[in-house]
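Colleague: Could you take a close look at how one chain packs against its neighbours here? I'd like one joined-up account rather than a list.

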Number of protein chains: 4
Amino acid sequence: MSHTVRNKVSLLARVGRMRGQVEALERALQAEKGCAEIMQQIAAVRGAANGLMTEVIEEHVRTHVASAAITSNATRTRGADELIDIVRAYLR
Amino acid sequence: MSHTVRNKVSLLARVGRMRGQVEALERALQAEKGCAEIMQQIAAVRGAANGLMTEVIEEHVRTHVASAAITSNATRTRGADELIDIVRAYLR
Amino acid sequence: MSHTVRNKVSLLARVGRMRGQVEALERALQAEKGCAEIMQQIAAVRGAANGLMTEVIEEHVRTHVASAAITSNATRTRGADELIDIVRAYLR
Amino acid sequence: MSHTVRNKVSLLARVGRMRGQVEALERALQAEKGCAEIMQQIAAVRGAANGLMTEVIEEHVRTHVASAAITSNATRTRGADELIDIVRAYLR
């Protein structure tokens, strides 16, 4: 079972909040709110994306790279490769 | 008229795409997709937030700070203050 | 006079501290310190770069875009263009 | 042997280049260069910090979390904890 399944409830709650933030931003644009407010809402969405990424990375490391339950070196290496790919793309 | 009004159509299209990305992420979690795919989708949302922020900042600078149409120094200074506040928070 | 000249002392002090951080990181690598410590030192350098960028952007906005002392619209527009270029590159 | 030792030469070369960038920035400020140039140089330092962090994280994952040579679960967990701490701080 994938860690994203195991933590499905927690992650879905986070994504639901993020969708709520994006919808609030959409309404603020429709309502022609001031741009200081718009910029703060965009910053909140980015903050939510960073928080979600942190949670997924943590679970990925614990479940697919560091877990004592992994018995195959190839599996562990694949988990490490996936992690490194996303870190490279995300920190660019 | 605020710059967020003037560019309302373009910004709403961007936010609509971002909402679509968040909804796709939600579906991927529901469907128990692999975490490499989940992480890429989160990275895409953050990229969309950065792109939107860049567009809003650009319009803010042109309309509320640099515009030749601004006749009051206080107005220009307020636009600059708002910009600096968001840059401080966003680059922290 | 450029704002980077006006705030030269403050900015040079910041860059001096950043150089000190990079030199400390170099010594930590030479001394074969643990990687948790190394990673924290790299994070500190990035934080210093972000803080410096924030200060330079703030001064740029006040001096080259929003200043009441600017009498030419072309000058103000050039200041805005430079700002937008760096925001685009930095938030990518 | 720590991975930061094993890759000491490569990492020291990177840090040396970063120090060179910070020194160039210092000279640019001393020489009262324009702020567009200053801002580009700051962005280069941040890019170097991100590149260095990526390299250290990659080596940390391979050596202290995913390596087949690790025989103790506690050691692997400690490596994972260190990684997660830095990811949390860096993506905040």
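Modeller: Sure. In the contact between chain A and chain B, each chain puts in 39 residues, so to speak a matched pair of counts: 39 from chain A and 39 from chain B. Bear in mind that this is a predicted model. Putting chain A and chain B together buries about 3600 Å², and carbon and sulfur atoms give 76% of that area. On the chain A side, the residues that lose the most area to chain B are A:Leu29, A:Met39 and A:Arg46, which together make up 19% of what that side buries.

Now the polar part of that contact. Between chain A and chain B there are 4 salt bridges. Take A:Lys8 with B:Glu32: they form a salt bridge whose closest N and O atoms are 3.1 Å apart. There are also 8 residue pairs in polar contact across the interface of chain A and chain B, both residues being at pLDDT 80 or more. As for which pieces of chain A are involved, the elements giving two or more residues to the side that touches chain B are helix H1 (3–6), helix H2 (8–30), H3 and H4. H3(A) gives the most, with 17 residues. Sorted by class, that side of chain A has 22 nonpolar, 9 polar and 8 charged residues.

Next, chain D. Here the contact takes 21 residues from chain A and 21 residues from chain D. About 1900 Å² is buried between chain A and chain D, with 67% of it on carbon and sulfur atoms. The rule finds 4 salt bridges across this interface of chain A and chain D. One pairs A:Glu58 with D:Arg88, and their closest N and O atoms are 2.7 Å apart. Polar contacts between chain A and chain D come to 6 residue pairs, again with both residues at pLDDT 80 or more. On chain A, the elements that supply two or more residues to the side touching chain D are helix H3 (35–65) and helix H4 (73–90). The largest share, 9 residues, comes from H4(A). By class, the chain A side that touches chain D splits into 12 nonpolar, 3 polar and 6 charged residues.

That leaves the pairs without contact. Chain A and chain C do not touch, and their nearest C-alpha atoms sit 9 Å apart. Chain B and chain D do not touch either, with nearest C-alpha atoms 9 Å apart.

Terms used:
Residues are numbered from 1 along each chain as its sequence is written. Chains are lettered from A and ligands numbered from 1 in the order in which they are written. This is a predicted model: local features need pLDDT of at least 70, side-chain atom pairs count only at pLDDT 80 or more; totals for chains, interfaces and linings use all residues. Side-chain values use heavy atoms; hydrogens and water are left out. Contact means heavy atoms within 4.5 Å. Buried area is the accessible area (1.4 Å probe) that two parts lose on being put together, summed over both. A salt bridge is a side-chain nitrogen of Lys or Arg within 4 Å of a carboxyl oxygen of Asp or Glu. A polar contact is a pair of N or O atoms within 3.5 Å; within protein, one must be able to donate a hydrogen and the other to accept it, and residues adjacent in sequence count only if both atoms are side-chain atoms. Helices (H or I, at least four residues) and strands (E, at least two) are DSSP runs, numbered from the N terminus. Ala, Val, Leu, Ile, Met, Phe, Trp, Tyr, Cys and Pro count as nonpolar, Asp, Glu, Lys and Arg as charged, and the others, Gly among them, as polar.
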